[in-house]
Structure formats: structure tokens, C-alpha cells
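This report describes one protein chain, going from strands and sheet to packing, surface and charged pairs. The sequence and structure come first.

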Amino acid sequence: MHLSGLDLNLVLSLRALLEERNVTRAGQRIGLSQPAMSAALARLRRHFDDELLSRVGGQYELTALGRALLDRTATACDLLERVFSSRADFVPGTERHEFTLLSSDYAVAVFGAELARTVHAEAPGVRLRFRRTPADVTEESGTVLSTADGLLMPHGIISGFPAVDLFADRWAFLVADSNDEVGDRLTMADLARLPWVIYQRTYDAPAARQLSMLGIDPQVEVSVDSFQVLPFLVAGTRRIALVQRRLADLLHGVAAVRVMDPPYEVVPVQEALWWHPVHTHDAAHIWLRETAARVGAGLAS
């Protein structure tokens with residue numbers, strides 16, 4: 001199937017029909033009459049050779065193919081919107097624009113806050129929207145990147161997409177001040193013996209893989225989806241946690257914990273801004289990337 005043979009207006013109709021599951025409401029949503037939307041549904045059914053919406057009792061339900069197309073159609077519409085909102089030039093001091101960045105709470109705290117200050121100073125009409133990175137980022141990288149202007153994530157998680165390096169970081173361990181089982185230095189035996197609290201997503205995957213290669217299988221007692229709560233879950237317990245050093249320094253004093261060096265040469269963190277190739281030549285996105293790189297260089301220095 002070639003795009004030249006498709007009526008791209010049907011993509012909007014398909015999304016409205018799948019999300020509304022009602023012909024009349026779908027038409028109202030995109031400004032089509034009920035007969036016009038019924039005609040669009042008939043064309044879509046012929047194209048896919050599937051009912052897409054099947055009547056069950058007094059309402060419509062999605063077919064198996066309709067359910068499969070639901071997320072894909074939303075992603076396609078978002079990507080088309082980004083393509084047709086691309087700019088040939090961008091004047092930061094006068095523009096009104098919103099950028100959406102996917103990120104962990106670590107990257108927002110360490111980098112995003114400084115990026116926001118810089119953007120406010122240089123482009124007061126530009127807004128930044130930070131969203132939590134979806135859990136399926138490694139399996140659906142292209143789809144995830146198509147829904148945002150960029151992804152803040154270290155190297156070693158995804159590949160095959162353009163990126164600009166921002167800043168480097170290193171890993172450290174958190175140990176409770178009250179934990180007298182640990183001396184002045186952590187040992188490999190400590191890592192194997194003590195319970196852990198971990199960040200449950202995949203962004204620390206290189207560090208986790210390294211631990212596995214060293215023969216350490218952490219005894220996970222607690223898992224969370226926020227790096228910033230790790231100190232509170234370590235304080236007053238026997239638990240230990242692996243955290244980025246910049247974040248540990250930023251959170252210094254919020255909980256009764258010690259920040260300790262790993263007992264091995266740990267894989268460093270190289271944070272980067274990743275984006276979908278559709279943004280590469282967009283003037284607004286070029287400005288965003290250049291600004292992010294400049295902020296990252298400031299952190300590095």
C-alpha cells in the first residue's frame with residue numbers, strides 16, 4: 001500500500017471512530033456530518049477488510065483489529081501533526097511554542113530544571129512539558145519518540161536514533177547512617193548480602209548488567225519508579241541503593257544516608273537528548289537541541 005493511494009483524511013476519521021466508538025460523536029469531533037462519517041467508516045472497512053466497530057447490544061465495540069489499530073492510529077496522527085507543524089525559522093524571543101520531553105525524575109531534577117531556567121530567560125513564550133518515559137521505550141523506541149519532541153535518557157538503553165550528548169554522571173551507593181554493618185567502604189560482599197531498593201525501570205540497565213557480570217544478584221526488597229525517593233527508602237534500614245552521583249549531591253541532607261563509592265569500576269552515565277528523525281531539520285527543534293547541548297555543557301563544566 002502506497003501513501004499516494006491513501007486519503008489521509010481517513011486517518012483522522014479512523015482515530016475518531018476508534019476512540020469514540022460512535023459514528024455521530026466521531027463526526028462531531030472532526031467536523032463531519034453523520035452521513036459523511038458513515039461513508040468514511042464504510043471506506044475504512046473495505047480497506048482493512050474488517051468491521052473495526054461491531055454492534056453489541058445497543059453500542060459499538062472494537063474488533064480485534066480495531067483494538068490493535070487504536071494506539072497506532074493515535075501515534076500516526078501525532079506524528080503527522082508534528083510533521084505539518086514544522087518551522088523553517090524560529091525566533092526564540094518572540095515565539096510561542098511548547099516542547100514535550102520524556103524523562104525520568106532524575107533527568108528532570110539534574111538537567112531539566114536548569115534547561116527550564118535557560119528557556120525562560122531566552123524564550124519566555126516557550127513552554128516545556130516533561131512526561132514520564134513509558135515503560136516500553138526499549139521495545140517501541142520509534143513509537144515512543146514519535147509522541148514527543150525528545151527523550152532524556154543515557155546511552156546504552158536505545159540506539160538507532162539521532163542524539164546529542166548532554167552531560168556525564170557516575171553511580172554511587174546510598175547507605176543509611178544507622179547501618180553499622182557497613183564500614184568506611186562498601187565491599188562486594190556487602191552488595192551481595194544486604195537488601196536493595198531499586199529503580200524499577202530500565203534506565204540503569206548498563207549498571208545492572210555490569211553487576212550481573214560481576215556475579216552480584218541484588219536481593220531486591222523494594223522497587224520504585226522514582227530515583228528521588230531512594231534516600232527515604234534507605235534511611236533507617238539495612239537497604240542499599242544505586243543512584244546517580246549528581247542526584248545524590250542534589251538531595252544531600254534530605255535523608256539520613258551516606259553516599260559511598262562502589263567497590264568496583266562502575267560503568268559511567270552519559271545522558272543524551274534523543275529525538276525522532278522527523279524533527280531533525282525543524283528550526284524550533286534545532287534551537288531546542290542547541291539550547292539543551294549548551295545547558296549540558298554548563299553542567300559538565
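How many residues lie between β1 and β2 in the hairpin they form, and which residue in the turn has a positive phi? There are two residues between the strands, and Gly57 has a positive phi of about 65°. The model is predicted, and the values below are computed from it. Strand β1 covers residues 53-56 and strand β2 residues 59-62; their pairing is antiparallel, over four bridges. Within this pairing, Ser54 of β1 has Glu61 of β2 opposite.

**The five-stranded sheet**

Five strands make an open sheet in the order β4-β3-β5-β12-β6, and the pairing is mixed. The edges are held by β4 (126-132) and β6 (163-169); each has a single partner strand, so one side of each lacks a neighbour in the sheet. On average, neighbouring strands are turned by 25° against each other, direction ignored. Strands β3 (residues 97-103) and β4 run parallel and are joined by seven bridges. In one of the pairings between them, Glu98 has Arg127 of β4 as its bridge partner. Strands of a sheet pair through backbone hydrogen bonds, in either the parallel or the antiparallel sense.

**Helices on the sheet**

Helix α5 (residues 105-122) packs on the sheet and touches β3, β4, β5 (150-154), β6 and β12 (269-274). The direction of α5 makes about 175° with that of β4. Helix α11 (residues 283-300) lies across β3, β4, β6 and β12, and runs at about 20° to β6.

Leu288 is part of helix α11. Its relative accessibility is 1%, so Leu288 counts as buried, the cut-off being under 20%. Leaving aside residues up to four places away in sequence, Leu288 touches Phe99, Leu101 and Asp149. Val119 is 169 residues from Leu288 along the chain, yet their C-alpha atoms are separated by 8.9 Å.

**A nonpolar patch**

On the surface, Leu8, Leu80, Val83 and Phe84 make a nonpolar patch of about 360 Å². Leu8 sits in the segment before α1 (9-20). With a relative accessible area of 38%, Leu8 is partly exposed.

**Salt bridges**

The structure holds 15 salt bridges. Side chains of opposite charge can pair when their charged atoms come close. Three of the pairs are described here, with the N to O distance of each.

| Salt bridge | Closest N to O distance |
|---|---|
| Glu20 and Arg29 | 3.2 Å |
| Arg117 and Glu114 | 2.9 Å |
| Asp261 and Arg245 | 3.6 Å |

The pair of Asp261 and Arg245 links distant parts of the chain, 16 residues apart. Asp261 is in the loop between β11 (257-260) and β12, while Arg245 is in helix α10 (residues 245-250). Asp261 has a relative accessibility of 48% and counts as partly exposed.

Salt bridges with shared partners join Arg15, Glu19, Glu20, Arg25 and Arg29 into one network. Of these residues, Glu20 is partly exposed at 23% relative accessibility, and Arg29 is partly exposed at 38%.

Why are Arg117 and Glu114 separated by about one helical turn? The two are three residues apart in helix α5, which means a separation of about one turn of that helix. Arg117 counts as exposed at 52% relative accessibility, whereas Glu114, at 30%, is partly exposed.

Technical notes. Residues are numbered from 1 along each chain as its sequence is written. This is a predicted model: local features need pLDDT of at least 70, side-chain atom pairs count only at pLDDT 80 or more; totals for chains, interfaces and linings use all residues. Side-chain values use heavy atoms; hydrogens and water are left out. Two strands pair if DSSP finds at least two bridges between them. Axes are lines fitted to C-alpha atoms, for helices over the stretch in contact, and angles run from 0 to 180 degrees between N-to-C directions. Contact means heavy atoms within 4.5 Å. Buried means under 20% relative accessible area, exposed over 50%, partly exposed in between (1.4 Å probe, protein chains only). Patches are made of residues with over 30% relative accessible area and no salt bridge: like charges are joined within 9 Å, nonpolar side chains (Val, Leu, Ile, Met, Phe, Trp, Tyr) within 5 Å. Accessible areas come from the Shrake-Rupley method with a 1.4 Å probe; for residues, only the protein chains shown count as cover. A salt bridge is a side-chain nitrogen of Lys or Arg within 4 Å of a carboxyl oxygen of Asp or Glu.
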